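Trainee: I am new to this structure and would like to understand the reasons behind the terms used to describe it. May we go through them one by one?

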Amino acid sequence: MVTNDKTIEAHTRSAWSSEEEGINRKLPTSDREAMAQERRAGLLRRTSSSKKPLKEKVVLMYDEIFTKDDPAKTNPRFWDELFLMKVNLEYLEGKLTSLDGDEVVMIKENINSLFHHCVQALEEEHQIKVVNALQTLCALFRGVHQKNKSATGFDIINMLVGFDKADLRMKDLMESLDGLLCGDGSESLKSLCLKLLLCLVTVTDNISQNTILEYVMINSIFEAILQILSDVSSRGQHGYDAVVLLALLVNYRKYESVNPYIVKLSIVDDESTLDGMGMVVHQALTEYNRQYKDKEEEDHGGFFSTLTNMVGSMFIADAEEKLSVQTNEAILLALYEAVHLNRNFITVLAQSHPEIDMAATPVSTLPATPTTPLGTTPPSLDMLNNPELPLDPNLQTSNLLITFLKYSSIVMQDTKDEHRLNSARLCLIILTCIAEDQYADAFLHDDNMNFRVNLHRMPMRHRKKAAAKNIPSRPLVCAVLDLMVEFIVTHMMKEFPMDLYMRCVQIIHKLICYQKKCRVRLHYTWRELWSALINLLKFLLSNETTLLAKHNIFHLALQVVNLFNMFITYGDTFLPTPSSYDELYYEIVRMHQVFDNLYCMVLRVSTNVGQWKEPASKVTHALVNVRAIINHFNPKIESYAAVNHISQLSEDQVLEVVRSNYDTLTLKLQDGLDQFERYSEQPKETAFFKELVRSISLNVRKNVSLNTLSQDVLLKEFSSIS
């Protein structure tokens, strides 16, 4: 029996090779399109124009399955032969999709039998049979779900497996997949197993409505995923798919029931596993950053750059549009789940290693990686296989957090596109979780961990692009604050992203709370932050009517004013020098008109009856110390100018007045300034994550293709089978 199988397999290999060779011949486009159509219809190439095209052997066998009778009755070796045939995914999926209700009922037993024999074939020694079984299962999952979109999960399970046998069949399937993923077998098979699981998870738009995933919850593959991530070689081959798969499984019915993947991920403490996951995320984000940088250099070079310089900045918006690189929400979601669920993962963010120029690294192609849009491509094997590279003393060190901050600085530039808006929101949510973590705050503020972080800045007419070599080496919290300031300055626009602004200000507040609590005196250019916040208040005042039609601007104004209150009340505990405190007062007095206008506006709204009465009155009360500073120092400055006969005081002269008059200034102690509400996914973020996961699921489904594991690659890998 085995000898016969081997003989058939040898002939099959030969047939596959000739078929691949024929298909790859150079043909006119019209002929290639015709061949593709014939392939979908299961037709072989015509030998002459007069002869009727013949169907592939495997298509004839599929047709037998789609009849009422059991195909094994007339051919006892039917199932053995089927899995030696090259799978025609398009035909099988198309056939399943084209069935009407009565036909489905009629052939249900055969579909169940096909599923059963696929699962059995996964235990075969002949790996080509295993490959064909995996691809057939994918066609089954996709075809049945595509046909029965409106059916209940239980009906789909019944159609696929048979409800009475579902527990046993799915248990066998998951055990086989687990064995293939954890075993010492073919890397191509492991890749195919992950593709099948990604296919299974994403067959429905809403993964929480995919009832068949209950079996994936019961028969967990969590340990198999961890094993892939903990092994350097395995991670290089399959880490990207494993991380995306884990991120999706964690989001299955996470709000309705206990998800075992959430529980298990939250308690992982194995260092090599966590490092492995961090490495996969780091390399995916690094690849995105590199692609963006390459595109930026390409678009700003040569004629385009010359033309822009000639006519000014009128093409800046077009340039930004051209620089749009597709974001990678799937890998961001994986990073979020790791940071949010597992406190041990926080240490991975700070793991230092050389900053690698991926463009200079040889790239080897993943054997089973589909062609994906720019920005969603898994990183090269060499990058993942070599986490420890020789450290050049002249080479800047990096870590996952730096790479993430650079990524965030790119996606946060343009939030008009929905995907980039979602990415920007998720980046800020991740930074919120980091800013709340005591350990993360400790390494963010560590003076012994200084880095040059070259954040991407939006092109603006009134400022020059900063040279990378001029960036100082500072604690990482400075880069986080720079990122927040950059966002605040560059997004004051008609379509005001209120949610993102609130998150930015809250992140700044949480970082300052840590500095106040631990008396960390950070050497940072605080004036840039104060200036950005004052300009934000100015923008809110100038666009009051337009913004109030859509947003509660008083909530944001209150957050901004309370940041100033933090500096006024506690600044002496965390500002780097006494002169920094003097500069704070100088900025408040210099820009007093903005605060005066804000007070007039909130006083007007709070004294009238309306929906904004209460939030406006809170801002009125919050301004008490800012107004006390302005009302105290302005007369002193005017008096100084009059006595000394100076029409316009210099900054140094104003600062001298400020320093001389602290003693007579009276401020009120405000409670709760250093308190904040901790991040909670439920219920505020539930709707956002449901939509995000739906979007990721659609994108993964579109890009996962089992056809990409070409048969010639398999034949070479399995050439030793005899």
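Mentor: Let us begin with a term: contact means heavy atoms within 4.5 Å. The model before us is predicted.

Trainee: Which residues of H10 and H11 meet in this sense?

Mentor: From H10, Met174, Leu177, Leu180 and Leu181 take part; their partners in H11 are Leu189, Lys190, Cys193, Leu194, Leu196 and Leu197. Sorted by class, this contact of H10 with H11 comprises 9 nonpolar residues, 1 charged residue and no polar ones.

Trainee: Why are H10 and H11 called oblique to each other?

Mentor: Helix H10 covers residues 166-182 and helix H11 covers residues 187-201; they pack at an angle of about 140°, and their axes are 9 Å apart. Angles over 145 degrees count as roughly antiparallel, those under 35 as roughly parallel, and those from 65 to 115 as roughly perpendicular, while the rest are oblique. The angle of about 140° fits none of the three named ranges, and H10 and H11 are therefore oblique to each other. As for handedness, the crossing in which H10 passes H11 is left-handed.

Trainee: What makes Arg142 buried or exposed?

Mentor: Buried means under 20% relative accessible area. Arg142 has a relative accessible area of 18%, so it is buried. This residue belongs to helix H8, residues 127-147. Leaving aside residues up to four places away in sequence, Arg142 touches Leu89, Glu93, Cys199, Val203 and Val704.

Trainee: How do you know whether Arg519 counts as buried or exposed?

Mentor: Exposed means over 50%. Arg519 has 56% relative accessibility and therefore counts as exposed. Arg519 sits in the loop between helix H26 (498-518) and helix H27 (526-542). Its phi is near 50°, a positive value in a residue other than glycine.

Trainee: What is the phi of His645, and where is this residue placed?

Mentor: The phi of His645 is near 55°, again a positive value in a residue other than glycine. His645 has its place in the loop between helix H33 (624-643) and H34. At 73% relative accessibility, set against the cut-off of over 50%, His645 counts as exposed.

Trainee: Which peptide bond is described as cis, and what is its omega?

Mentor: The cis peptide bond is the one that joins Gln682 and Pro683, with omega about 0°. Pro683 lies in the loop that runs between helix H34 (651-660) and helix H35 (686-703).

Key. Residues numbered from 1 in each chain as written. Predicted model: local features only at pLDDT ≥ 70, side-chain atom pairs only at ≥ 80, totals over all residues. Heavy atoms only, no water. Axes fitted to C-alpha atoms, helices over the stretch in contact; angles between N-to-C directions. Helix = DSSP H or I, 4+ residues; strand = E, 2+ residues; numbered from the N terminus. Left-handed = near helix turned anticlockwise from the far one by under 90°. Nonpolar A, V, L, I, M, F, W, Y, C, P; charged D, E, K, R; others polar. Buried < 20%, exposed > 50% of the residue type's maximum accessible area, 1.4 Å probe, protein only.
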